[in-house]
Amino acid sequence: MSHSLSLRVERQEKDQLTCWRIGTAQAELLVAEQGAQVLSYQRRGEQPLIWLSEQAEFKRGQSLRGGAPLCWPWFGDLKRSPQSVQAMHRDPAAGPFHGLVRNLPWQLQDIAAADHAITLVFGLTHSPEGLPDWPHQVTPSLAIRLDEKRLTLTLASRNDGDQPVALSQALHTYFAVSDIHQVEIPELAGCRYIDTLQDWSERTQDGALTFTGETDRIYLGTPELIRLRDPRWQRQICLQAHDSCSAIVWNPWIDKGKRLSQFADDAWQRMLCIETANVLDDIVELAPGAQANLGVSLWTEPLQA
Ligand SMILES: O=P(O)(O)OC[C@H]1O[C@@H](O)[C@H](O)[C@@H](O)[C@@H]1O
């Protein structure tokens with residue numbers, strides 16, 4: 001498909017996966033159909049905004065390291081999720097980390113260009129009995145909208161069943177940074193967080209968040225706009241969340257980085273996850289017939305070094 005807005009949409013087979021590459025005058029985006037996983041997003045003349053591991057493997061049935069995997073219908077360890085989220089599963093002890101859909105086949109269901117933007121909609125097609133051990137009729141879909149300035153991801157969940165459903169979720173976005181030691185996130189100052197590396201104890205963020213070691217935290221009561229300042233690359237990445245007031249911030253640092261799949265030993269220096277989420281006291285309760293939309297818009301702004 002080509003378009004007067006100098007839009008290019010190309011389907012590409014990369015090893016075992018079908019991907020879609022979208023090129024506009026301003027940016028380039030790559031998405032894998034599996035998991036409806038955004039893999040990379042780079043604005044022309046800039047460093048990548050979304051980070052993809054140079055060791056990412058394009059294999060069926062496994063999530064790629066990097067991009068923006070979808071954690072749904074729960075985030076992280078199901079046994080650590082609120083009771084109402086656990087109760088949706090037949091065997092919470094056996095629920096896989098980060099939910100059920102990040103390594104399933106999804107399909108591109110719609111693609112439309114209008115108002116200087118292109119939107120791709122991916123849907124998960126699963127059996128009427130629902131997902132394995134999660135017997136609920138909730139249909140997720142992901143809309144990916146690329147306009148001249150921003151990339152917007154919206155994960156919609158519609159409850160087509162006749163019982164309420166509780167879920168947690170996250171847009172697990174990996175960002176590219178110049179050097180993890182030099183970036184900071186000012187907007188998290190004063191937020192409560194759960195430090196999963198300190199026995200899940202609750203703390204309060206003192207000043208801007210900076211990075212000096214392994215970090216794995218769930219921030220609560222987060223503001224709508226969060227900025228990742230990167231003076232060395234003279235930019236800040238802006239994240240505007242929609243219908244979310246919790247976020248996970250994660251960097252594996254050296255030791256955990258060595259244990260991760262599809263991850264170079266020094267990759268921890270170049271990436272950082274800020275995951276726009278609905279977790280803990282921010283989970284989603286979906287009445288029959290209701291729909292929830294979790295979203296994030298991403299863009300960059302110049303910054304003086
Ligand atoms: O290796 P995975 O399953 O993609 O998870 C990556 C990370 O995802 C983060 O969301 C978690 O907070 C981390 O604890 C975890 O290590």
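Start by selecting R229 in strand 17 of this predicted model, and then add Q236 in strand 18, which is its bridge partner there. Widening the selection to both strands, 225–230 for strand 17 and 235–242 for strand 18, shows an antiparallel pair that is joined by six bridges.

From this pair, extend the view to the sheet that contains it. The sheet is open and has seven strands, which follow one another in the order 8-9-10-11-22-18-17 with antiparallel pairing. Strand 17 stands at one edge and strand 8, residues 106–114, at the other; each has a single partner strand, so one side of each is left without a neighbour in the sheet. If you look along the succession of strands, the twist from one strand to the next averages 15°.

Next, select the ligand together with the residues that surround it: G76, F97, H98, H172, D216, I248, W250, L260 and E275. Colouring this shell by residue character divides it into four nonpolar, three polar and two charged residues.

Now move to I283, which is found in the loop between strand 20, residues 271–278, and strand 21, residues 284–286. Is this loop residue buried or exposed? I283 counts as buried, because it has 20 C-beta neighbours inside 10 Å, and the cut-off for that class is 20 or more. To see what lies around it, select P82, V85, A166, L167, S168 and N278, which I283 touches when residues up to four places away in sequence are not counted. Adding Q169 to the view brings in a residue that is 114 positions from I283 in sequence, while the C-alpha atoms of the two are 7.7 Å apart in space.

Finally, zoom out to the whole protein, where the secondary structure comes to two helices and 22 strands. Along the principal axes, the C-alpha atoms fill a box of roughly 55 × 50 × 35 Å. The radius of gyration is 19 Å, which agrees with the value near 19 Å that a compact globule of 305 residues would have. Colouring by burial marks 40% of the 305 residues as buried. If you draw the contacts with a sequence separation of 6 or more, 67% of them are accounted for by residues 24 or more positions apart.

Conventions. Residues are numbered from 1 along each chain as its sequence is written. This is a predicted model: local features need pLDDT of at least 70, side-chain atom pairs count only at pLDDT 80 or more; totals for chains, interfaces and linings use all residues. A residue is near a molecule or strand if its C-beta atom, placed from the backbone, lies within 6 Å of it. Ala, Val, Leu, Ile, Met, Phe, Trp, Tyr, Cys and Pro count as nonpolar, Asp, Glu, Lys and Arg as charged, and the others, Gly among them, as polar. Two strands pair if DSSP finds at least two bridges between them. Helices (H or I, at least four residues) and strands (E, at least two) are DSSP runs, numbered from the N terminus. Axes are lines fitted to C-alpha atoms, for helices over the stretch in contact, and angles run from 0 to 180 degrees between N-to-C directions. A residue is buried if 20 or more other C-beta atoms lie within 10 Å of its own, exposed if 12 or fewer, and partly exposed in between; C-beta atoms are placed from the backbone. Two residues are in contact if their C-beta atoms, placed from the backbone, lie within 7 Å. The radius of gyration is taken over C-alpha atoms; the globule rule is 2.2 Å times the number of residues to the power 0.38.
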